[in-house]
Amino acid sequence: MNAPDSVKLATEAGTCPVNSHNEWDPLEEVIVGSLEHATIPVNHLTFTGNLPTKAAKLYWPLAGMRYPGIIADPAKRELEGLARLLDREGIKVRRPAPVDFHYNAKTPFWKSKGFCTASPRDGILIVGDEMIETPMAWRSRFFEVYAYRDLLNEYFDGGARWTSAPKPMLDDRAYDYNYTPPKAGEPMRYMLTEAEPLFDAADFTRCGRDLFYTRSNVTNKRGVEWLRRHLGREYTLHEIETRCTQPMHIDTTFVPLGPGKVLINPEFVDVTRLPKVLKDWQILVAPEPDPLPPSWRFYLSLVSKWISLNMLKLDEKRVICEESQVSMIAALKSWGFEPIPLPFMNYKMFGGGFHCATLDIRRRGRLQSYF
C-alpha cells in the first residue's frame, strides 16, 4: 500500500498513531531519548549563560568535545532503564536515529557543533494529532530534529498532521549578548530578543484545550504568539509567571498531574498570581528537594535542584519519579498517586528528568476542556 492510501485509511478509521491532549491520559506510545554521539555544546550565550557559575567554568574548556564515557555511560544506563520500565508497562517505546553531533553544522550565518538527542520533549510539540517542530534557540540544536525524521514520516504516513514553525536564522540579532541573570528584586530579563519567533516545546504543558507556558531563555514572546495564532481559537494559552532568574522549561515549575490537580514549585511560582482558570484546581506545593551527596557530577548538572518535579505520568495515578527524592515520593503518595521510583540523577548533566527524556506520542483519551 502506498503512503497516500495508508494515510486515507488511517484517517477514516480513526487510528492515527499520534494522539496526546494532556499529561495524564493513559500512555500508549512514547519516544525515549538517546545519548549516542553526545557532544558538549560550544561556548555560546544560550549554553553558558544558562549554567550555574560553577558548571560554566568547568564546561568552558571542554566545549565541542565528545562527552567522555565517565559522564555519558551512567546516564545512558539510566535512559535504558527507563525504556525497559516503560516497555514492561506495555508502552510502545521508540528511539531517535543515531546522529554524530561532533561535526560542525553550518548556515549562512554561523557554524556550530551539535549537542545530543537526550531530550525529545524540546524540539517537537504534540498537540492532539499534530506534530509541531519547534524553532529552538540553541544553535547547537538547530538540526537535532532530523534524528526524529524517520519517526515523523512514519507517523505522518499513519495520518498525523506535521507542521514546522518558521525555521529561525539564529543570527546575532536573536540574542542579547549583554545579558546577565537578574539579581533578587531586579526586573526579569532574558537572553533572547524578539527578532524572530523562538520557543522550546518543553516551555508548554497541555491540559486539553488549555496550554500553559513560561517565557524563558529559550522561549520569547514572538514564539508564544506564533503558536497562539497557529493553534487558533480551539486552544487557549495561559502564561505562568516564573521567579526563576534563569528560566528554561516549565516542567520544573508548573506540572499538571491530573484533572484538577497541579504541582507547583514554591520558589518559582507565586500562587496568588496563577491564572484565574486554576481557581477551582487543587494546587499541590512541591516539597523542598532532598539534598544529594557532594559529587563532581552534580557540579556539571545543567538543571536546578527542582528537577525533582520533572516526572512522567503513565496515567492519572502512576508517575515515574526520581528514586533519591524521598520527600517527593512521600508527598505523591499522600496526594493519592502511585509513584514509580527510578534512578535518573546522572541524566541531569544532559539537561532534565523523566519528562524531558520522553515525548508522549499517543495517550488514550480525547480532546476536552478541564476548566
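Here are some worked exercises on the predicted model shown above.

Residues are numbered from 1 along each chain as its sequence is written, and side-chain values use heavy atoms, with hydrogens and water left out. Because the model is predicted, local features need pLDDT of at least 70 and side-chain atom pairs count only at pLDDT 80 or more, while totals for chains, interfaces and linings use all residues.

**Exercise 1. The whole chain**

Task: Find how many helices and strands the chain has, and compare its radius of gyration with the globule rule.

Solution: Start with the elements. There are eight helices and 17 strands; helices (H or I, at least four residues) and strands (E, at least two) are DSSP runs, numbered from the N terminus.

Next comes the overall size. The radius of gyration is taken over C-alpha atoms, and the globule rule is 2.2 Å times the number of residues to the power 0.38. For 371 residues the rule gives 21 Å and the chain has 19 Å, which is close, so the chain is as compact as a globular protein of that length. The C-alpha trace spans about 55 × 50 × 40 Å along its principal axes.

Finish with burial and contacts. Of the 371 residues, 57% count as buried, where buried means under 20% relative accessible area, exposed over 50%, and partly exposed in between (1.4 Å probe, protein chains only). Contact means heavy atoms within 4.5 Å. Among contacts with a separation of 6 or more, 73% link residues 24 or more positions apart.

**Exercise 2. A sheet of three strands**

Task: Work out the strand order of the open sheet that holds β8, β9 and β10, and place helix α6 on the sheet.

Solution: Two strands pair if DSSP finds at least two bridges between them. The order is β8-β9-β10, with mixed pairing. β8 (204-207) and β10 (236-239) each have a single partner strand, so one side of each is left without a neighbour in the sheet. Neighbouring strands are turned by 25° against each other on average, direction ignored.

Now look at one pair. β9 (residues 210-213) and β10 run parallel and are joined by four bridges, and Asp 210 stands opposite Thr 236 in β10. Helix α6 (residues 221-231) packs on the sheet, touching β8, β9 and β10, and its direction makes about 155° with that of β10. For such angles, axes are lines fitted to C-alpha atoms, for helices over the stretch in contact, and angles run from 0 to 180 degrees between N-to-C directions.

**Exercise 3. β12 and its partners**

Task: Say how β12 pairs with β11 and with β13, parallel or antiparallel.

Solution: Take β11 (residues 254-258) and β12 (residues 261-264) to begin with: four bridges join them, and they run antiparallel. Pro 256 stands opposite Val 262 in β12. The two strands form a hairpin with two residues between them, and Gly 260 in the turn has a positive phi of about 85°.

Then turn to β13 (residues 282-285). Four bridges join β12 to β13, and these strands run parallel; Lys 261 stands opposite Gln 282 in β13.

**Exercise 4. The nonpolar cores**

Task: Identify which residues touch the most other members of the largest nonpolar core, and which element gives the most to this core.

Solution: A nonpolar core is a set of buried Ala, Val, Leu, Ile, Met, Phe, Trp, Tyr and Cys residues joined through side-chain atoms within 4.5 Å. The largest has 39 residues, and Tyr 59, Tyr 67, Leu 82, Leu 86, Ile 320 and Phe 350 touch the most other members. β1 (27-32), α3 (53-59), α4 (69-88) and β16 (338-342) are the elements that give two or more residues to this core. α4 gives the most, with eight residues.

A second, separate core of 31 residues includes Phe 212, Val 262, Leu 274 and Ile 329.

**Exercise 5. Ser 119 and helix α5**

Task: Decide whether Ser 119 is buried or exposed, and find which residues of α5 are buried.

Solution: Ser 119 lies in the loop between β4 (111-112) and β5. Its relative accessibility is 5%, so Ser 119 counts as buried. Leaving aside neighbours within four places in sequence, Ser 119 is in contact with Arg 141, Glu 144, Tyr 148, Tyr 347, Phe 350 and Cys 356.

In α5 (residues 149-157), the buried residues are Leu 151, Leu 152 and Tyr 155. They cover an arc of only 100° around the axis, which puts them on the same side of α5; the arc is that of the directions from the helix axis to the C-beta atoms. Just after α5, Gly 159 takes a positive phi of about 115°.
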